[in-house]
Structure formats: structure tokens, C-alpha cells
Amino acid sequence: MRGIEPNRPNSRALDCGAGIGRVTKALLIPHFQQVDLVEQCPSFLSRAKDYVASDRLGQLFCSGLQQFVPETGVYDVIWCQWVLVHLKDEDLVEFFRRCKNGLKPDGVIIIKENMSREVDLDEKDSSYSRPRLEWHRLIHLAGLQVLKGERQRNLPIDLKEVRMLAFA
């Protein structure tokens, strides 16, 4: 988020897989005039209104990311954190393509996900951990280009690597 001018007029973000809005409240609301949420669990969305408790909370979309289509050309940032691991490659590429259409001309998509050494399917939660280069390949297949990547520091050594990627 460094480098994004906070609270510029009409700034708008989308929090994908938002849950009850923890990322929205702690990270996005301080930087954007409006933050929309997309979450497939209706009870999480209903809790988000009270949890976020801000007049900057915008539209709440109840949808899985496989079907979600953002409004064209309205978002400065589309944020996805620890949710994309639940999408298959083809669904992920299509989701990125739809998100690209939802960006303003200078907008970016930012993801924060676990990165593994190889593609790994977790049978318990049906999630795919992907290596960093696989994320780059899928982003490229969607017609997007990685602008910046950063590794999260100070995590326990036994956890998978966590990276943030910004692309457009």
C-alpha cells in the first residue's frame, strides 16, 4: 500500500474473500473513500457491517470469486488475501481477467498468499499452494504484469512463505 495516495477523492477498493472485513477495517478503510466487499458467506457479510462500522463501507457482494464480475473501471485497488488458494488455475485466470476490467486506468490488483516450493493440494481445505513462479505464470496468462513483489517478514520459520504481489 506504500505509494498509494491515501484518501484521494473518489478512491475505491474491493476486498475479495473479505470475511467479516478485518482487512477492510485495518488496512483499506484508512486509505480509500469507499471499500466494497465480496464474500460468499452471507453471515460473514452481515457481520461485516457492524465489525467495520464505517461510512466508507460500500457495496457488499455475496458471491464466490469464480462467478464474481466487478463493475468496469471503478477500482483503484482490488485486494485478495488468503482466498485465491481456493480457486483452480482456470478459475483464477478468469477471475484475474475480470478484475483487470474492474480497475481504473492506474489501478492495481494486490494479492497476499502463501507460496510453496511446488504446487500442493491440501485435501483438508481443498486449497492449492502455488510456487511464486506459478503465480507469475497465471498472472501473465490473464494478460497482466507483476509490478512489485514483496515477502512478508517476521513469520515463524515453519510456515510457508507469504508474499504480496501487485500487478496490473
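**Close-up views of a predicted model**

**View 1. K88 and its contacts in the loop before α3.** Apart from neighbours within four places in sequence, K88 touches Y128 and R130. This is a predicted model, and the view opens on the loop joining β4 to α3, where K88 sits. Is K88 buried, partly exposed or exposed? With a relative accessible area of 45%, K88 is partly exposed, because that class lies between the 20% and 50% limits. For a sense of scale, look across to C16: K88 and C16 are 72 residues apart in sequence, and their C-alpha atoms are 16 Å apart in space.

**View 2. Helix α3 and what covers it.** Helix α3 spans residues 89-102. At 1.5 Å a residue, its 14 residues should span 20 Å, and the end C-alpha atoms are indeed 20 Å apart, so the two values agree. The buried residues of the helix are L92, V93, F95, F96, R98, C99 and G102. Their cover includes the strands β1, β4, β5 and β9 together with helix α4. E90 also belongs to α3, but E90 is exposed, at 52% relative accessible area. Between E90 and A166, which are 76 residues apart along the chain, the C-alpha separation is 20 Å.

**View 3. The largest nonpolar core.** This core has 29 residues, and those touching the most other members are I78, L84, F95, F96, I111 and W135. At least two core residues come from each of β1 (12-16), β4 (75-81), α3, β5 (103-115), α4 (132-141) and β9 (161-167). Which element gives the largest share? That is α3, with 5 residues. Such a grouping fits a general pattern: nonpolar side chains tend to be buried together in soluble globular proteins.

**View 4. I111 and its contacts, with a second core.** Setting aside neighbours within four places in sequence, I111 is in contact with C80, L84, F96 and W135, and also with R163, M164, L165 and F167. A second core, separate from the largest one, has 17 residues, among them A13, F32, L57 and V108.

**View 5. The second largest pocket.** Here the volume is about 290 Å³. Which residues lie nearest the centre of this pocket? They are G17, A18, G19, I20 and R22, out of a lining of 16 residues. Strand β1 and the helices α1 (22-28) and α2 (42-52) each provide at least two lining residues. Sorted by class, the lining comprises 8 nonpolar, 4 polar and 4 charged residues.

**View 6. Two loop residues with positive phi.** Most residues other than glycine have a negative phi, which makes a friendly prompt to pause at A53 and W82. A53 has a positive phi, near 45°, and is not a glycine. Its place is the loop between α2 and β3 (57-62), and A53 is exposed, with a relative accessible area of 60%. W82, likewise not a glycine, has a positive phi of about 50°. W82 lies in the loop between β4 and α3. At 41% relative accessibility, W82 is classed as partly exposed.

Conventions:
Residues are numbered from 1 along each chain as its sequence is written. This is a predicted model: local features need pLDDT of at least 70, side-chain atom pairs count only at pLDDT 80 or more; totals for chains, interfaces and linings use all residues. Side-chain values use heavy atoms; hydrogens and water are left out. A nonpolar core is a set of buried Ala, Val, Leu, Ile, Met, Phe, Trp, Tyr and Cys residues joined through side-chain atoms within 4.5 Å. Buried means under 20% relative accessible area, exposed over 50%, partly exposed in between (1.4 Å probe, protein chains only). Helices (H or I, at least four residues) and strands (E, at least two) are DSSP runs, numbered from the N terminus. Contact means heavy atoms within 4.5 Å. On a 1 Å grid over the protein atoms alone, a cavity is a set of points where a 1.4 Å probe fits but cannot get out, and a pocket is an open set with protein on both sides within 12 Å along at least five of seven lines; lining residues have an atom within 4 Å of a point. Grid points are joined across faces, edges and corners, and a volume is the space filled by probe spheres set on the points. Ala, Val, Leu, Ile, Met, Phe, Trp, Tyr, Cys and Pro count as nonpolar, Asp, Glu, Lys and Arg as charged, and the others, Gly among them, as polar. The expected span of a helix is 1.5 Å times one less than its number of residues.
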